[in-house]
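Biologist: Could you take me slowly through one part of this model, beginning at the start of the chain, and then set that part beside the rest? I am new to reading structures, so please explain each step as you go.

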Amino acid sequence: MTKYCPKCGEPNPDDALYCIKCGAPFTQAAGAQQQQAQAQAQSRIFLFLAYILTLITGFIFYLIAKDDKELKKHSLQAILLGVVQIIVAVILAFIPFIGFLGGIINFLIWVYGLYVGYEAYSGREVRIPVISDFADTHV
Ligand SMILES: [Zn+2]
């Protein structure tokens, strides 16, 4: 694909930053906007990825998030879901006969986390009881 110089009309390669004939810069704004949109789409995917391994990915993305408050919040939620999973597993492990329920409940918590992450990725917010309130006040 070629694009045309806004100043002299010379056809240029699509990825050219400056016109090959007159040296005029191609609109920085369009490029910067595209980059920003890409970066935003990328960080939205992180919102989902943070939930993949609850505690582990939550922790990793919490460290990556830095100034990104939304990613930090979802990472913290993923961590807390992981903590809930551990608590459920430990408690149920001590109860005879229904210990297997721990696996089922933890699987459901994991699926729920993926759902929350997917909604966040799609730009919708799902409030997790208690956990979302905690996350809101700690990021
Ligand atoms: Zn030109």
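**A close look at Tyr4 and its surroundings**

Modeller: Tyr4 is part of strand E1, which runs over residues 2-4, and since this is a predicted model, what follows describes a computed structure. With a limit of 12 or fewer C-beta neighbours for an exposed residue, Tyr4 counts as exposed because it has 12 of them inside 10 Å. If the neighbours within four places in sequence are set aside, the residues in contact with Tyr4 are Gly9, Glu10 and Pro11.

Asp15 belongs to the loop that joins strand E2 (11-13) to helix H1 (28-49), and Asp15 is also exposed, because 9 C-beta neighbours lie inside 10 Å. Although Asp15 and Thr2 are 13 residues apart along the chain, their C-alpha atoms are separated by 8.6 Å.

The domain assignment places residues 1-38 in domain 1 and residues 50-137 in domain 2, and the centres of these two domains, taken over C-alpha atoms, are separated by 44 Å. For Tyr4 itself, a useful partner for comparison is Ala89, which is 85 residues away in sequence and 63 Å away in space, from C-alpha to C-alpha.

Ala89 leads us to the helices, since it is one of the residues of H3 that meet H4. Helix H4 covers residues 100-121, and its axis lies 9 Å from that of H3, with an angle of about 170° between them; H3 and H4 are therefore roughly antiparallel to each other. On the H3 side the contact includes His74, Gln77, Leu81 and Val88 as well as Ala89, while on the H4 side it includes Leu101, Ile105, Asn106 and Val116. Sorted by class, this contact of H3 with H4 has 12 nonpolar and seven polar residues, and no charged ones.

H3, which spans residues 69-93, also packs with helix H2, residues 55-65: the two axes come within 8 Å and cross at roughly 155°. H2 and H3 are therefore roughly antiparallel to each other, and the crossing in which H2 passes H3 is left-handed. Among the residues that make this contact are Leu55, Phe59, Phe61 and Tyr62 of H2, together with Leu71, Lys72, Leu76 and Ile79 of H3. The contact of H2 with H3 is made up of 10 nonpolar residues, four polar ones and one charged one.

The loops that link these helices can be read in a similar way. Lys66 is found in the loop between H2 and H3, and Lys66 is exposed because it has 9 other C-beta atoms within 10 Å. Its backbone is worth a pause, for most residues other than glycine have a negative phi. Lys66, which is not a glycine, has a positive phi of about 50°. Ile95 sits in the loop between H3 and H4 and is exposed as well, because 10 other C-beta atoms lie within 10 Å. From Ile95 to Cys19 there are 76 residues in sequence and 73 Å in space, again from C-alpha to C-alpha.

Farther along, Val130 lies in the loop between H4 and helix H5 (131-137), and its phi is near 65°, a positive value in a residue other than glycine. Val130 counts as exposed because it has 10 C-beta neighbours inside 10 Å.

To return to where we began, Tyr4 is an exposed residue in strand E1, in contact with Gly9, Glu10 and Pro11 once its neighbours within four places in sequence are left aside, and it is 63 Å from Ala89, C-alpha to C-alpha.

Note on methods: Residues numbered from 1 in each chain as written. Predicted model: local features only at pLDDT ≥ 70, side-chain atom pairs only at ≥ 80, totals over all residues. Axes fitted to C-alpha atoms, helices over the stretch in contact; angles between N-to-C directions. Helix = DSSP H or I, 4+ residues; strand = E, 2+ residues; numbered from the N terminus. Parallel < 35°, antiparallel > 145°, perpendicular 65-115°, else oblique. Left-handed = near helix turned anticlockwise from the far one by under 90°. Contact = placed C-beta atoms within 7 Å. Nonpolar A, V, L, I, M, F, W, Y, C, P; charged D, E, K, R; others polar. Domains from an automatic or database assignment. Buried ≥ 20, exposed ≤ 12 C-beta atoms within 10 Å, placed from the backbone.
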